[in-house]
Amino acid sequence: MTINVDSDLCSQCGVCSKVCPMGIIDPVDEVQLPRVHEGMDAVCFSCGHCEAFCPSGALTFTDMGDKAHESVISKGVISPENLGLFLKSRRSIRTYKPIEVPHATIESILDIVRYAPSGGNTQLVEWLVIHDPHVVREIAEQTIDWEREVAKSSLPLAPRASAMVAAWDKGTDVICRGAPHIILALMDEDKVMAMGDIIMGDAIIALAHFEIAAQAFGIGTCWARVLLIASQNRSSILEYLNLPEGRRIVNAMFFGYPQYAPQFIPERNPPHVTWR
């Protein structure tokens, strides 16, 4: 890993050295430009802090070609009040229009989501988008078949499974709620087995970014926990999904255009905070 410094732009302020999480950028002086300390290249995890915090835009750690730096949003452009309203306006959507979301729109959302934080900037989350509504329906049917088995068992989930099966048999899609699409967060099976919750949390963070970004595009989302649990317990679902080699589903969400738009923000319990 070698950082690139434009000597014409660099003011030798030393900010890059101060913000480096690994402390591997040598302090600058009147002669020396910023650089990774000799022998420490492998320690860099390409987080981009040095590039992001450089006041003069003199530093890059990737080959940007002719692409100019994209500036961050200025302080105050989004007020705390507006941001608060936007986040509090998010709802789990369980009724959808029978309209497909264009590939380009989903790609635009995922282009935002790729900036979600991950442990050590590993960026291990991959995506499987089930775009065909007929395939989504088939997955929902296989999931309800698993719920039928659970309903007949002595498992603690049996009563809930029985209620879901009854609703399904009456015509209500209690699995994907009629959503046209599913997005599955995938990770390398070996890495999940080795690190478990340490990296699986990255998928939750990424999907949280997805649901927030989707809202700005007029798209509703809902976490697909039942589908996730079913996929972990019914091999036929995984066979049908035909995951990429060596990949494991670590979380799931269904999405589409909402049939109805929320108009008001319901109350929530106050935060429980302990101060030390």
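**Exercise 1.** Asp145 has a relative accessibility of 33%. Determine which class of exposure this value gives and which salt bridge Asp145 forms in this predicted model.

*Solution.* Step 1: Buried means under 20% relative accessible area and exposed means over 50%. At 33%, Asp145 therefore counts as partly exposed.
Step 2: The salt-bridge partner of Asp145 is Arg148, with 3.9 Å between the closest N and O atoms.
Step 3: Both residues belong to helix H5 (residues 133–151), and because they are 3 residues apart, about one helical turn separates them.
Step 4: Arg148 is also partly exposed, its relative accessible area being 28%.

**Exercise 2.** Identify the elements that the salt bridge between Glu147 and Arg160 ties together.

*Solution.* Step 1: The two side chains meet at 3.0 Å, N to O.
Step 2: Glu147 lies in helix H5 and Arg160 in helix H6, so the pair connects parts that are 13 residues apart in sequence.
Step 3: Glu147 is buried, with a relative accessible area of 0%, whereas Arg160 is partly exposed at 32%.

**Exercise 3.** Classify both partners of the salt bridge between Asp26 and Arg35 as buried or partly exposed.

*Solution.* Step 1: The closest N and O atoms of Asp26 and Arg35 are 3.6 Å apart.
Step 2: Asp26, at 18% relative accessibility, counts as buried.
Step 3: Arg35, at 45%, counts as partly exposed.

**Exercise 4.** State how many salt bridges the structure holds, and name the residues linked in a network.

*Solution.* Step 1: The structure holds 10 salt bridges.
Step 2: Glu126, Asp188 and Arg247 are linked in a network of such bridges.

Conventions. Residues numbered from 1 in each chain as written. Predicted model: local features only at pLDDT ≥ 70, side-chain atom pairs only at ≥ 80, totals over all residues. Heavy atoms only, no water. Salt bridge = Lys/Arg side-chain N within 4 Å of Asp/Glu carboxyl O. Buried < 20%, exposed > 50% of the residue type's maximum accessible area, 1.4 Å probe, protein only. Helix = DSSP H or I, 4+ residues; strand = E, 2+ residues; numbered from the N terminus.
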